[in-house]
Amino acid sequence: MKDQLKELIESALASLISQQSLPADISSADVQLERTKDRSHGDFASNIAMVLAKPAKKNPRQIATLIVDALPQHEVIEKVEIAGPGFINFSLSANSRQQVVADVLKKAGQFGLSQYGNGQKVQVEFVSANPTGPLHVGHGRGAAYGSVVSSLLKAVGFDVHREYYVNDAGRQMDILATSVWLRYLEKCGEQFTFPSNGYRGEYVLDIAETLKQQHGNTLLHPVSLVFEGVPADEPQGGDKELHIDGLTQQAKSLLGADMYRQLFDLGLNAILDDIRNDLAGFGAEYDEWFSERSLVESGVVDKAVEQLKAANMLYQQDGAWWFKSTDFGDEKDRVVVRDNGQATYFASDVAYHLNKFNRGFDQIIDIWGADHHGYITRVKASMEALNQDVSKLKVLLVQFAVLYRGKEKVGMSTRSGEFVTLRELRDEVGKDAARFFYVMRGADQHMDFDLELAKSQSNDNPVYYVQYAHARVCSVFRQLAERQMNWDEQTGLQNLSLLTEDHEQALFTMLSRYPEVVELAAITHTPHLLAHFLMDLARDFHTYYNAHQFMTDDINLSQARLTLITAVRQVIANGLGLMGVSAPQSM
RNA sequence: GCGCCUGUAGCUCAGUUGGAUAGAGUGUCGGUUUCCGAAGCCGAAGGUCACAGGUUCAAUUCCUGUCAGGCGCACCA
């Protein structure tokens with residue numbers, strides 16, 4: 001519809017240019033056509049006359065008149081008006097406004113999908129939380145956002161590959177493994193002070209219990225031996241980092257490399273399974289779980305470092321290898337290999353991103369928590385240094401949701417184990433409400449998440465409002481059956497012209513906007529537009545419901561109305577589907 | 001100190017990538033049910049779009065500065 005109008009304007013411009021009424025260097029990209037906010041301004045408005053005022057050296061209303069006169073006749077247009085400073089307002093014909101209902105019913109679940117992306121390959125990486133503990137509500141926003149962005153891109157024709165980067169290498173995982181072992185020692189009856197920097201969550205005890213069931217007391221070493229030569233912990237006037245690293249060394253040497261690896265994997269797999277499970281239950285599906293350890297152990301990380309060296313992008317200082325990221329606008333250079341020979345987290349990130357580029361994606365989207373924004377520059381710098389096309393890489397930041405319990409702010413710390421898990425949120429609020437709530441706000445908006453409110457299941461939560469609209473249509477059809485009546489789609493479609501009420505016209509407009517909203521939300525990575533659209537559509541439906549009877553004495557009118565609300569139900573279902581929220585028949 | 005994000009109704013947030021009279025939910029106040037689900041609907045009140053400049057036909061939107069809040073600034077992940 002919009003495209004049709006645009007073509008008409010372009011052909012008007014072309015004929016004006018050929019008549020030399022307008023200068024020739026006007027590009028069709030200048031043609032902007034927008035939905036009007038106000039019904040009295042018609043359906044679409046173009047500001048083209050005002051944009052052209054300067055280059056054409058004519059006043060906008062004069063240009064608008066020229067364009068309107070040159071506009072070809074077409075059945076979709078009911079009326080064209082020039083208004084305000086030079087807007088050209090288009091009103092669509094009743095016939096073309098109704099057309100959308102037939103379109104919705106015909107395409108059903110496919111309505112709103114498009115081929116905009118043309119099959120381009122897009123990789124979307126999201127959540128990627130360290131497998132050192134269960135996901136908490138902070139990860140929930142990234143999970144909801146990432147999965148809806150993926151669905152939207154898929155809906156508009158991109159070939160989407162969703163990925164979770166598993167940080168299963170590195171020091172944090174060693175600390176987890178060490179924590180598990182120490183809890184195991186406690187279960188074996190040993191007594192000592194748990195390291196201040198260890199993982200203290202309940203889940204560590206569970207894994208330790210599994211370890212004990214599998215291995216009995218065979219991994220038991222006396223505490224005196226375990227703590228022998230280990231630097232003091234912070235509360236004892238020492239350094240907590242050196243303390244925990246010392247304990248990790250003890251674990252490795254006392255248990256041996258093979259046994260330590262078993263212990264390590266037990267913890268890793270237990271937590272990773274939990275995360276997988278959790279995300280699946282939250283409606284966040286993945287195509288691939290990409291292991292950092294696989295990059296390290298297959299030498300890909302070392303290779304990436306070598307490539308940087310070969311490109312003359314590294315230098316050695318104080319025993320470490322530094323990447324010249326300042327050459328690419330970073331505020332300081334970054335260490336890639338530490339003086340102890342260990343590669344940094346950044347090194348594997350370079351390798352991982354290089355791997356993404358090598359896999360041939362047209363677009364690479366990283367969705368990170370806002371606390372990682374400092375990494376954007378250095379990661380992009382490394383790809384630039386390795387001659388990759390950095391414009392393919394987009395990093396989308398998701399701001400933090402500050403948790404409240406009523407008026408009270410909820411503190412969060414993974415180490416101390418005092419946090420609200422995503423699973424807890426799901427159990428109490430439900431997947432639907434949680435997802436809708438998270439995605440309802442722009443990702444760059446710092447949002448307040450009130451757990452009390454989300455748990456309350458009150459109508460403060462807009463997801464019920466939208467779902468209720470869907471259920472309400474279903475209810476109408478149940479009522480229809482009870483009255484021994486039925487719905488005839490053909491009769492309905494043939495009588496759409498009877499739907500002349502303002503409420504009905506408003507719904508036509510809303511339905512035809514849906515594909516535009518999906519496309520815009522997809523390409524600008526802003527799923528909250530879809531959430532807001534659904535709330536608006538639901539409100540328009542509820543208003544309509546209250547104002548008019550669907551089952552009237554006039555059979556043709558009734559059939560037309562039933563056809564309209566069936567289309568409304570379909571679009572709500574499609575929209576909720578993209579958001580990963582269910583569309584219940586009754587509530 | 002530097003960087004990123006944010007500042008819009010009492011509160012939570014939209015604002016179609018510069019457009020016409022700045023919107024919704026919630027809260028407050030008032031109305032609404034012989035009728036398809038009242039988880040609904042209708043109305044009222046509520047604004048210096050943080051502040052000050054600049055860019056142009058037009059600025060909540062873009063630029064600069066100031067103020068305020070969040071988050072980062074490791075040879076941690």
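**Reasoning with the cut-offs**

Me: A base nitrogen of RNA strand B sits 3.1 Å from a polar backbone atom of F550, in what is a predicted model. What makes this pair a polar contact?

Reply: The cut-off for a pair of N or O atoms is 3.5 Å, and 3.1 Å is within it, so the pair counts.

Me: What makes H548 another polar contact of the RNA?

Reply: Do the check again: a polar backbone atom of H548 is 2.3 Å from a base nitrogen of RNA strand B. That is also within 3.5 Å, so it counts too.

Me: And how do you know that Q399 makes a polar contact with the RNA?

Reply: Here an N or O atom in the side chain of Q399 is 3.3 Å from a sugar or linking oxygen of RNA strand B. Since 3.3 Å is within 3.5 Å, Q399 passes.

Me: Which residues come nearest to RNA strand B?

Reply: Out of the 64 residues around the strand, they are N130, R338, Y375, R472 and H548. On the RNA side, sugar and phosphate make up 63% of the atoms that come within 4 Å of the protein.

Me: How do the residues of that surface divide by type?

Reply: You get 22 nonpolar, 23 polar and 19 charged residues. Several elements supply at least two residues each, among them helix 2 (48-56), strand 9 (320-323) and helix 21 (528-547).

Me: Strand 9 turns up in a sheet as well. Why are strand 9 and strand 10 called a pair?

Reply: Pairing takes at least two bridges, and these strands have three, so they qualify. Their pairing is antiparallel, and F323 stands opposite R334 in strand 10.

Me: What makes strand 8 an edge strand?

Reply: The open sheet runs in the order 8-9-10. Strand 8 (314-317) pairs on one side only, and strand 10 (334-337) does likewise. From one strand to the next, the twist averages 45 degrees. Helix 12 (residues 300-310) packs on this sheet and touches strand 8, strand 9 and strand 10; its direction makes about 95 degrees with that of strand 8.

Me: Last one: why is A70 called partly exposed?

Reply: Its relative accessible area is 21%. Buried would need under 20% and exposed over 50%, so A70 falls in between. You'll find A70 in helix 3 (residues 60-70). Setting aside neighbours within four places in sequence, A70 is in contact with A12, S15 and L16.

Conventions
Residues are numbered from 1 along each chain as its sequence is written. Chains are lettered from A and ligands numbered from 1 in the order in which they are written. This is a predicted model: local features need pLDDT of at least 70, side-chain atom pairs count only at pLDDT 80 or more; totals for chains, interfaces and linings use all residues. Side-chain values use heavy atoms; hydrogens and water are left out. Helices (H or I, at least four residues) and strands (E, at least two) are DSSP runs, numbered from the N terminus. Buried means under 20% relative accessible area, exposed over 50%, partly exposed in between (1.4 Å probe, protein chains only). Contact means heavy atoms within 4.5 Å. A residue is near a molecule or strand if one of its heavy atoms lies within 4 Å of it. A polar contact is a pair of N or O atoms within 3.5 Å; within protein, one must be able to donate a hydrogen and the other to accept it, and residues adjacent in sequence count only if both atoms are side-chain atoms. Ala, Val, Leu, Ile, Met, Phe, Trp, Tyr, Cys and Pro count as nonpolar, Asp, Glu, Lys and Arg as charged, and the others, Gly among them, as polar. Axes are lines fitted to C-alpha atoms, for helices over the stretch in contact, and angles run from 0 to 180 degrees between N-to-C directions.
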